[in-house]
Each structure stands twice: as C-alpha cells, then as structure tokens.
Amino acid sequence: MNTCFNPPRRRLLQWLGAGALIGRAGATLALPGSTNAQFEQSFGDAFLDQYWQRNTDGAVMVGYYQVAGVLLVPDAAFRADYQVFLDAALAQLAGMDVATLDDRYRTDWAVLDNELRYERWQLTTLREWQWNPAFYNVAEPFAVIASGSYAPLEERLRSILSRLQRVPEYYAAAKQSIQQPTREHTALAIAQNQGALEVFGDDLQRQVDASGLSADEKTLFGRRRVAAREAIGDYLKWLQALDATNGAARSFRLGAALYQQKFAFVQQSGEEAPALYQRAQRERQEVLAQMEQLTTQLWPRYFADSAPPADRLDKIGRMIDKLSQNHVAPQDYVASIERLIPQLTQWVSDHHLIDIDPSKPLKVRLTPTYERGVAIAGIEAPGPYDPSAPTYFNVDPIDTESPQQAESFLREYNNWMLPVFITHEAIPGHYVQLMYANRSPSRIKSLFGNGAMIEGWAVYSERMMLESGYGNNAPEQWLIYWKWYLRSVTNTVLDYGVHVLGLSEQDAKTMLVREAFQSEKEASNKWLRVQRSSVQLTQYFAGFSAIYRLRERVRSQQGAAFELQRFHEKFLSYGSAPVAVIAQLMLPATRGK
Ligand code: ZN
Ligand code: ZN
C-alpha cells in the first residue's frame with residue numbers, strides 16, 4: 001500500500017500532501033509601497049478569490065465554500081478564459097522585482113509563479129483534459145458538501161441543488177473535449193464514474209427528504225438528481241463504447257519530452273529527470289549492499305542451523321520474512337499506534353531533533369467510515385480556509401479484514417516497520433512539517449506547496465530518527481528501514497523507467513517484488529498507480545536527497561557551530577517551498593549562483 005495517498009493531479013488544482021492549515025491571513029505586515037506590499041495586494045486573498053471562482057471543485061476541497069453552489073462546465077470557452085486569466089497573472093508576477101521581496105514573499109512568489117506556469121503548460125501542452133477521461137468526474141465535491149459540517153444541512157443541500165443543474169452540460173463538454181484517450185485512463189474513468197453514481201443515490205435522497213427544504217425544492221432536487229445520474233450513465237456508456245473501439249489509443253506512457261517538462265514543474269529542483277534516475281539506480285545498489293551486509297550479520301542469530309542462499313536477493317528476502325513475523329496482534333494494532341505517538345515525541349525532544357509544540361498533542365482516532373480505504377493511516381488536517389477544525393491522526397482498523405489479509409498487513413507493518421511508518425506520517429514527519437508551515441502563514445504555500453519538499457521531509461525524518469539512535473541501532477531495525485527506504489528509491493526508477501524508457505509490466509513487477517521485496521499485491525497496486533500518474537512517484541527520493549544534501553552543505557559551512565535542531569527548525573520555517581528555493585535562503589553565500 002502507498003505510504004500516503006498522493007492522487008494523480010486532477011483538474012487544475014491538486015490539494016497537496018497531507019493537507020495544511022494556516023493561521024490568520026495578513027499576520028505578516030508588509031510596509032506600504034514596498035514590493036512585499038505590492039505582492040500582498042496583487043496576490044493576496046483577492047487574487048485567490050478570483051482563482052477559486054475558476055476552480056470551484058478545488059475550492060470545495062480546500063474548504064473555500066463561497067463557490068460551493070457553482071459547477072463549471074469544462075468546455076473550450078472555459079479553457080480559453082482560464083488561459084487569459086493565467087497569462088495576466090503571470091505577466092504581473094514577471095513584472096515584480098523579486099530580489100527586493102523578503103523571504104516569505106520570495107518563496108510565495110516562486111511557488112505561485114511555478115504553479116501558474118505549470119497550469120498553463122497542463123492546459124496548452126500536456127492537455128490531459130483531452131486524453132484522460134478520468135479528468136471528468138463531478139462526484140467528490142458533491143460528497144464533501146453533503147457530508148460537511150461547515151453549514152446547516154439545508155444550506156449545503158441548496159448548494160448541491162444549484163451545483164446539480166449543470167451536470168448534464170458538464171458531461172456533454174467532457175465528451176466533446178476527449179480525443180484519443182489512453183486505455184488505462186479510460187478504464188480508470190469508468191471505475192471512478194461508476195463510483196460517482198453512488199454519491200447521487202438513495203442516501204442523498206433520504207437526506208433531502210428529511211431536510212427542511214420546501215416541497216418545491218425537494219421536487220426540483222429529485223429531478224436534477226435523476227438527470228445527473230443519467231448524464232453519468234450516458235458518459236459511462238460512451239466510455240465503454242470507446243474502450244471497445246479504441247484501436248488508436250494514445251499510450252499511457254508520457255514519453256521523454258513531456259516527462260522532462262512536467263518533472264521540472266513538479267520538482268522545481270533544477271535537476272534533470274535523467275540525472276535523478278541515474279542517482280536512484282546507484283542508490284538502489286548501495287541500499288542492497290547495506291541490506292546484504294546486515295543480513296550476513298544477522299544470519300547466525302536467526303538461522304543458526306542453515307547456510308544462507310547463494311543468491312543475495314533470496315538471502316535478504318528470507319531474513320526480511322523472518323523479521324516480519326515479529327508483529328502485533330490485530331486487536332493491538334490501533335493501541336500500538338496510540339502508544340507510539342507520545343513515545344516518538346519524547347524521543348524527538350530528548351535527542352534535540354526539533355521542537356514540537358506540546359500544547360497541541362496529536363489525537364489518534366479511527367478513520368471515519370466514509371473516508372476509509374484510501375490510505376491505511378494519515379494526518380487529517382483542516383483546509384487552509386477552515387483553520388479552526390482539529391487535526392487528527394486517522395487509523396484504519398484492520399479487524400474487518402480476513403485473518404489472512406490481516407496477517408499479511410501486520411507482517412508488512414511489523415514491530416520495526418511500524419515506528420518508521422508513524423515517523424513518516426506524523427512525528428517528526430508530515431505532522432511536524434505541517435505544524436511549522438502553519439507558523440509562517442502563507443495561503444499560497446499551503447495551497448500550492450512543493451510536493452517533493454513535503455514528501456522529502458517525511459522520508460528524511462525517518463533517516464534522521466535512525467541516525468539519532470532510535471531502535472538502538474539494531475541491525476534488524478536498519479534492515480527493515482532500508483527495505484522501506486528502498487521503496488522510495490525504487491518508485492523513482494519505476495516512474496522514469498515506465499514513462500520514458502518503456503519498462504514493461506513484467507520487468508516492473510520483477511523489480512518491485514524480487515529486487516525491492518514488495519508483495520505481489522503491492523506491486524500490482526503500484527503498477528496501476530504508475531500507469532495513471534507520472535512524476536509524483538519520484539518526489540519521495542528527489543525531496544529526500546535534496547534535503548539530505550542541503551543539510552550536509554550547511555553542516556560543512558557551519559563546522560563546529562552546526563546544530564541539527566537549529567537546522568531542522570530553520571529549514572521548516574520557510575513552509576512548503578521547494579528545497580532549492582529554501583537552499584538559496586539558507587546558504588546566502590550561494591545566492592545568484
Ligand atoms: Zn508521505
Ligand atoms: Zn504473524
């Protein structure tokens with residue numbers, strides 16, 4: 001299973017990472033007449049208001065509900081208008097004197113400029129709206145509004161009533177926009193739009209019937225709901241017919257040119273995709289060498305009576321299998337996570353790794369039923385427009401699974417793996433990064449933050465914990481850690497291999513199962529994910545290695561004065577900006593290089 005759910009970028013906005021919240025807007029005062037003030041005036045809340053008018057689905061997902069009643073029709077006129085909007089904003093950004101902005105606004109500028117250029121590129125060059133039928137799906141914002149608690153039921157239902165009106169137009173525009181879609185995204189669109197039908201099913205009708213809407217409103221609601229279902233049903237039939245006659249389907253593989261362009265927007269690192277791929281290949285070999293060494297060291301302790309297999313992958317695999325037997329019982333799983341959170345917090349504090357605000361302990365809870373099945377556990381933080389909502393650590397229970405499934409799951413999240421996983425998701429991983437990001441309130445970075453920085457920090461925090469001695473430097477702990485880390489590295493090799501080098505399904509699965517010790521099921525899921533997304537899978541290793549390199553550069557620059565805790569706190573204080581931009585601010589001597 002994936003560490004965290006990182007869905008393929010949909011529509012024009014991606015709600016990045018684990019979510020983010022921010023404090024009061026305008027907490028930083030910019031002096032009138034300064035470039036900072038100019039930026040605040042041009043790209044503050046008024047700009048974002050305009051942005052959300054044109055991204056009403058994305059708006060709902062980040063808790064900006066003023067436009068909840070508006071469904072935009074994704075037709076050619078909409079795209080033309082959106083391009084004019086992007087061009088105007090980009091021209092204004094280009095006219096600013098970036099060098100005179102302070103750190104906060106400079107990082108905001110870099111993030112926003114990249115975001116808008118990326119959106120323009122998606123619209124005009126990548127053109128996913130043309131070849132990815134899964135781009136079109138109305139369901140999610142409807143589900144969010146229906147299950148939300150931000151307003152009374154009647155108000156939310158009236159938003160839904162208004163939003164429902166244009167669903168038939170929406171799918172008509174979808175059919176007009178699609179040309180030569182890929183088979184894989186067509187299959188995904190069929191599966192996801194079948195799921196969408198459920199959102200407009202009997203449950204919604206029951207909510208309406210029990211509400212305080214007027215009789216006329218209820219009648220209208222019923223009519224529009226049925227029309228929406230028909231439009232989705234019609235889209236499904238149309239896609240199924242396409243699928244059958246899809247002789248000239250586009251390949252799901254992005255190809256070198258588009259891949260490298262997308263890579264530059266997503267990573268903002270300055271590194272080229274082939275260079276990262278080569279680094280990941282070398283890293284894979286180094287990790288395997290470490291794993292073999294640890295296995296050799298552990299062998300007599302666990303297999304005193306038998307000689308190790310000659311093949312090093314078999315040998316490492318057998319040791320991992322053996323160690324995986326050491327896991328909690330299904331009924332103790334949630335409680336073991338509840339115990340780990342304060343334990344990791346204490347460790348981080350005792351070892352001076354980073355300051356964690358003790359007034360906001362993270363609450364562990366079972367994932368609400370309607371959200372289950374997306375990730376196995378993760379932070380649920382309120383959106384940037386709803387900062388008062390609490391932050392939870394959601395855990396999916398495993399007691400509903402079959403005993404075999406539960407056993408296989410628990411072997412994966414064994415006693416050495418579980419703390420690494422919780423480190424990544426919570427402390428000092430995603431949750432702590434989020435906590436620091438909130439201290440420098442920036443809607444722009446909360447909304448459009450750099451995914452490689454966010455994932456990279458979580459992956460980096462795993463290494464940082466082990467380097468500080470967490471797990472007593474036990475070879476078992478390190479071996480299981482390397483297996484986990486190998487997954488991040490292999491993700492990069494897989495993504496580039498599939499989209500640029502034409503790696504086959506068979507070869508990809510061999511690499512995942514045999515050379516990265518993943519289960520068949522995990523490998524199948526990963527194969528689906530790499531067919532449907534691109535570049536996202538490279539963020540883990542790219543972000544991790546950029547942060548690690550930056551740390552070592554700062555360490556060598558500061559010499560004896562270097563303090564790990566100070567580095568971590570400074571690094572996170574810039575919010576979710578690209579590591580390369582943070583590096584420019586943290587290493588002033590290299591500015592302008
Ligand atoms: Zn993550
Ligand atoms: Zn077992």
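**Exercise 1.** In this predicted model, determine over the face of which ring Arg-79 lies, and at what distance from the ring centre.

*Solution.* The criterion requires CZ of Arg to be within 6 Å of the ring centre and within 35 degrees of the ring normal. Arg-79 is placed over the face of Trp-129, with 3.7 Å to the ring centre. A further case is Arg-318, which lies over Phe-303 at 4.8 Å from the ring centre.

**Exercise 2.** Classify the aromatic pair formed by Phe-78 and Tyr-82, and state where both residues lie.

*Solution.* Step 1: the distance of the centres and the angle of the planes describe a pair of aromatic rings. Step 2: for Phe-78 and Tyr-82 the values are 5.9 Å centre to centre and 35° between the planes. Step 3: planes under 30 degrees apart would count as stacked and over 60 as edge-to-face, so the rest are tilted; the pair Phe-78 and Tyr-82 is accordingly tilted. Step 4: both residues belong to helix 4 (residues 76-94), four residues apart, about one turn of the helix. Phe-78 and Tyr-82 are both buried.

**Exercise 3.** Repeat the classification for Trp-457 and Tyr-460.

*Solution.* The ring centres of Trp-457 and Tyr-460 are 5.4 Å apart and the planes stand at 45°, so this pair is tilted. Both residues lie in helix 21 (residues 451-467), three residues apart, and both are buried.

**Exercise 4.** Identify the residues that coordinate the zinc ion (ligand 2), and explain which parts the pair ties together.

*Solution.* His-327 (NE2) and two OE contacts of Glu-407 coordinate the zinc ion at 2.0 to 2.6 Å. His-327 is in the loop between helix 15 (312-324) and helix 16 (333-350), while Glu-407 is in helix 17 (residues 403-412), so the pair links parts 80 residues apart in sequence. Glu-407 is partly exposed, at a relative accessible area of 35%.

Methods: Residues are numbered from 1 along each chain as its sequence is written. Chains are lettered from A and ligands numbered from 1 in the order in which they are written. This is a predicted model: local features need pLDDT of at least 70, side-chain atom pairs count only at pLDDT 80 or more; totals for chains, interfaces and linings use all residues. Side-chain values use heavy atoms; hydrogens and water are left out. Donors are N, O and S atoms within 2.8 Å of the metal (3.2 Å for Na, K and Ca); water is not among the atoms, so sites may look incomplete. Helices (H or I, at least four residues) and strands (E, at least two) are DSSP runs, numbered from the N terminus. Buried means under 20% relative accessible area, exposed over 50%, partly exposed in between (1.4 Å probe, protein chains only). Rings of Phe, Tyr and Trp (its six-membered ring) pair if their centres lie within 6.5 Å; planes under 30 degrees apart count as stacked, over 60 as edge-to-face and the rest as tilted.
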